[in-house]
Amino acid sequence: MSLFRKILRTGRVTERAEPATGAELMLAGGRLRGSVQVRAVDVGSCNGCELELASTFGPVYDAERFGVRLVASPRHADVLCVTGPVTHNMVTPLVKTYEAAASPKLVVAVGDCARNCGVFTGGYGVAGAVSDFVPVDFEIAGCPPHPDDLLRGLRRLTGR
Ligand code: SF4
């Protein structure tokens, strides 16, 4: 079977989208809506959260159809998605990344480690949770969070 025929037969495989919740996030400095640029920041994760985050932006969950786009620099970002407990070595890079993003901006703590250090609580290399170093606007729970939960959270950023 030719590739083209296979594509036609397979059709669209993206997960069906739930209706928008309308629970758009409000910011003191304005609104982020319609389209947001996200910078992922790993401050010490086991990479489980990154795998699910990558899935969320892959062809099945396809977060970009809701206006959420990953960018390579905090200079281009409206939102920082932070994963992992903050290790001692990553405290300064996290704070510098936060300062490099223009305002208004949001910080999302992705996964239990980012929220409260999770399974790494008390680890010798762990300096604290994300909110101990930068202001966190909302959290997505899970170890790791399911792409459905990540998508639901990210859609709150765009209101779509
Ligand atoms: S929340 Fe779970 S999957 Fe995510 S970084 Fe922590 S241990 Fe890994």
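Where is P104 found? In this predicted model, P104 belongs to the loop that runs between α3 (91–100) and β5. The points below start from the overall chain and return to that loop in due course.

1. Overall fold. The protein chain has five helices and seven strands. Read from the N terminus, the order of the elements is α-β-α-β-β-β-α-β-α-β-β-α. The chain therefore opens with a helix and ends with one.

2. Dimensions. Along the principal axes, the C-alpha atoms of the protein chain fill a box of roughly 55 × 35 × 25 Å. The radius of gyration of the protein chain is 17 Å, which agrees with the value near 15 Å for a compact globule of 160 residues.

3. Burial and contact range. Of the 160 residues of the protein chain, 39% count as buried. When contacts between residues at least 6 apart in sequence are considered, 84% join residues at least 24 apart.

4. The N-terminal helix. Helix α1 (3–10) lies largely in the open, because the number of buried residues among its eight is zero. The residue that follows α1 is G11, and its phi is positive, near 70 degrees.

5. The loop after α1. E18 is placed in the loop between α1 and β1 (36–42). Is E18 buried or exposed? E18 counts as exposed, because it has 10 C-beta neighbours inside 10 Å, and the cut-off for exposure is 12 or fewer. E18 and L151 are 133 residues apart in sequence, while their C-alpha atoms are 10.0 Å apart in space. L151 is itself one of the buried residues of α5.

6. Strand β1. Five of the seven residues of β1 are buried, so this strand is largely enclosed by the rest of the structure. Strands β1 and β2 run parallel and are joined by three bridges. Within this pairing, V38 stands opposite L70 in β2.

7. The C-terminal helix. Helix α5 covers residues 147–158. Its 12 residues should span 16 Å at 1.5 Å a residue, and the end C-alpha atoms are 17 Å apart, which agrees. Nine of the 12 residues of α5 are buried, so the helix is largely enclosed by the rest of the structure. The buried residues are P147, L150, L151, G153, L154, R155, R156, L157 and T158; two arginines, R155 and R156, are among them. The cover over the buried residues of α5 includes β1, α2, β2 (68–70), β3 (79–83), β5 (106–110) and β7 (138–140). Just after α5, G159 takes a positive phi of about 70 degrees.

8. Surroundings of the ligand. How many residues surround the ligand? The number is 13, and the closest are S45, G48, G111, C113 and C143. Helices α2 (48–56) and α4 (112–116) each supply at least two residues of this shell. By character, the shell divides into six nonpolar residues, six polar residues and one charged residue.

9. Cis peptide bonds. A cis peptide bond joins S103 and P104, with omega at about 0 degrees; this is the proline in the loop between α3 and β5. The peptide bond from C143 to P144 is also cis, with omega near -10 degrees. P144 is placed in the loop between β7 and α5, and its partner C143 is among the closest residues to the ligand.

10. Positive phi at D62. D62 has a positive phi of about 45 degrees although it is not a glycine. This residue lies in the loop between α2 and β2. D62 is partly exposed, because 17 other C-beta atoms lie within 10 Å of its own.

11. Positive phi at C117. C117 likewise is not a glycine, yet it has a positive phi of about 75 degrees. The residue lies in the loop between α4 and β6 (126–128). Is C117 buried or exposed? C117 counts as buried, because it has 21 C-beta neighbours inside 10 Å, and the cut-off for burial is 20 or more.

Conventions: Residues numbered from 1 in each chain as written. Predicted model: local features only at pLDDT ≥ 70, side-chain atom pairs only at ≥ 80, totals over all residues. Near = placed C-beta within 6 Å. Helix = DSSP H or I, 4+ residues; strand = E, 2+ residues; numbered from the N terminus. Nonpolar A, V, L, I, M, F, W, Y, C, P; charged D, E, K, R; others polar. Rg over C-alpha atoms; globule rule 2.2 N^0.38 Å. Contact = placed C-beta atoms within 7 Å. Expected span 1.5 Å × (residues − 1). Pairing = 2+ DSSP bridges.
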